[in-house]
Amino acid sequence: MHELQRKSHGMTNNQDPNNVSRRAFTVSSVAAITAPGLLGCSEAESRDAAAPPEAAPSAAVTAPVATSQTKASGGWEEGTSIPAEYYFEPEHYRRDERFMADSLWLMVDHESRIPKAGDYFTFEFGLGESVIILRDEKKVVRAFHNVCRHRGSRICRNGAEPEPEGDQVTILQLKSSGNTPLIRCPYHAWTYDLQGGLTKASMMPKGFDLSKNGLLPCHLRVEGGHIFINLSQGDTPPEFDANFAPYKTFATEYGLADLQVGARHAYTIKANWKLLIENFLECYHCGPAHATLVTTHNWDYGLTDDEKAYRHNELKTWLGGQSKDWWSYEGKLNPGFVTGSLDGKPVAPLLPTRKEWSHKTTDMTTGLSTGYWQAYDDYVVVMRFTPRGPELIDCDVLWLIHPDAVEGKDFEAANLMALWETTFREDIYLVENQHRGVRSGGYRSGSLSTSVESNVADFGVWYMNTVAQA
Ligand code: FES
Ligand SMILES: [Fe+2]
């Protein structure tokens, strides 16, 4: 896939310095379609600093580039936003969800969430999927569908569902996270071990085979300290190793597997998953809507040429660089900022793999909606986007820091979280506000900027030509 990715970049002649995407989701998104079942990675900052800015991947590998508008089925035109019904109609959402379940490796969490044998939690995806993620007695991480093999009950409680009420009500059910030596269904008490094997099913007929009634496992990989699952029903999951090569390099560079979660926050977003992805595919909105973020990062692509030249000179002076091209500092923090903090000062000790302040930030995706990492020298913020319905998204955000850092002594959670809490709250507002507009009768597919929204355009091409046709 990475081959395809590079090839696709090589095939584009777009040298427009404005056409920089700090969040190159489309690369992976496009890859996901070109080879169904694949999930790609992309890395924005770590590309060769001398290379041209990352242009939108040529859709030549998949579909015509969205530079000249062409009619697609249903009257939709490339280079315009996706038609309204795809953002909220249940039938479209159901198809989207099945496509993701079959074709993607979904990012679940950092494995430090379940450090001990018997630790577990449930991961919910889409309208009806729930998966038990646990660590067994041998410390192996496992994933099972949270569905009893008897008559289908949820075994562990879904996180958001209320407990049954009433003083005399006595349902015994595992909570949505905790520690347990066994897994017991609340309905008829079929009981499973931590490898998913059925160990007890009372009053079943002679000949009933316990060994044929274990929990159904999900495809699972643990890489760079993060847990990924694939929910396809087939025996062979999508390719992982080749597609995750860039992520593995990134995970090693920042030592992700050894970090601890210094803070986490769960968000619920009332919008369609595609609007959130599109938001992360462009920084057109960063200047207008993320004042704090563009104070920290060199990401205000809406600057005038004079302002860009001024910023370039500021950066060059601060960094001692020689480049004449302002975009060569993509990925660099603004003068005075050594990390993604409000005041530019460190928010935690240097990560074990980082020996000095590099004044840079690196982002990484594993494709589409599932995982996004933004790394600094003292922390890595991790976002996990999970569709939960046509108009609902779960987003867990983790802040990974040095494994020995102690809160109150080495870091303050509020300080650590401040920049991305602010940024993400702004993004949530923007995306929910957009969803309300898209849902109204006054919405029409709108024209996209060819210089700063080409990734959004490519995402639309991919979605309309592949997912919407699946
Ligand atoms: S449904 Fe689980 S034991 Fe009957
Ligand atoms: Fe944003």
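Below is a short chat about a small sheet and two residues with positive phi in a predicted model.

Visitor: Let's start with the open sheet of three strands. What's the strand order?
Guide: The order is 7-8-9, and the pairing is antiparallel.

Visitor: Which strands stand at the edges?
Guide: Strand 7 (183-184) and strand 9 (198-200) do, and since each has a single partner strand, one side of each is left without a neighbour in the sheet.

Visitor: And how many bridges join strand 8 to strand 9?
Guide: Two bridges, with strand 8 covering residues 191-192 and running antiparallel to strand 9.

Visitor: Which residue in strand 9 does Thr191 stand opposite?
Guide: Look for Lys200 in strand 9; that's the residue facing Thr191.

Visitor: OK, switching to backbone angles. What's the phi of Met203?
Guide: Near 60°, so a positive value in a residue that isn't glycine. In general, most residues other than glycine have a negative phi.

Visitor: Where does Met203 sit?
Guide: You'll find Met203 in the loop between strand 9 and strand 10 (219-223).

Visitor: Is Met203 buried or exposed?
Guide: Exposed, because there are 6 other C-beta atoms within 10 Å and the cut-off for exposed is 12 or fewer.

Visitor: What about the phi of His359?
Guide: His359 has a positive phi too, near 60°, and isn't glycine either.

Visitor: Which loop holds His359?
Guide: The one between helix 8 (305-319) and strand 13 (362-365).

Visitor: Buried or exposed, that His359?
Guide: Buried: His359 has 20 C-beta neighbours inside 10 Å, and a residue counts as buried at 20 or more.

How values were computed:
Residues are numbered from 1 along each chain as its sequence is written. Chains are lettered from A and ligands numbered from 1 in the order in which they are written. This is a predicted model: local features need pLDDT of at least 70, side-chain atom pairs count only at pLDDT 80 or more; totals for chains, interfaces and linings use all residues. Two strands pair if DSSP finds at least two bridges between them. Helices (H or I, at least four residues) and strands (E, at least two) are DSSP runs, numbered from the N terminus.
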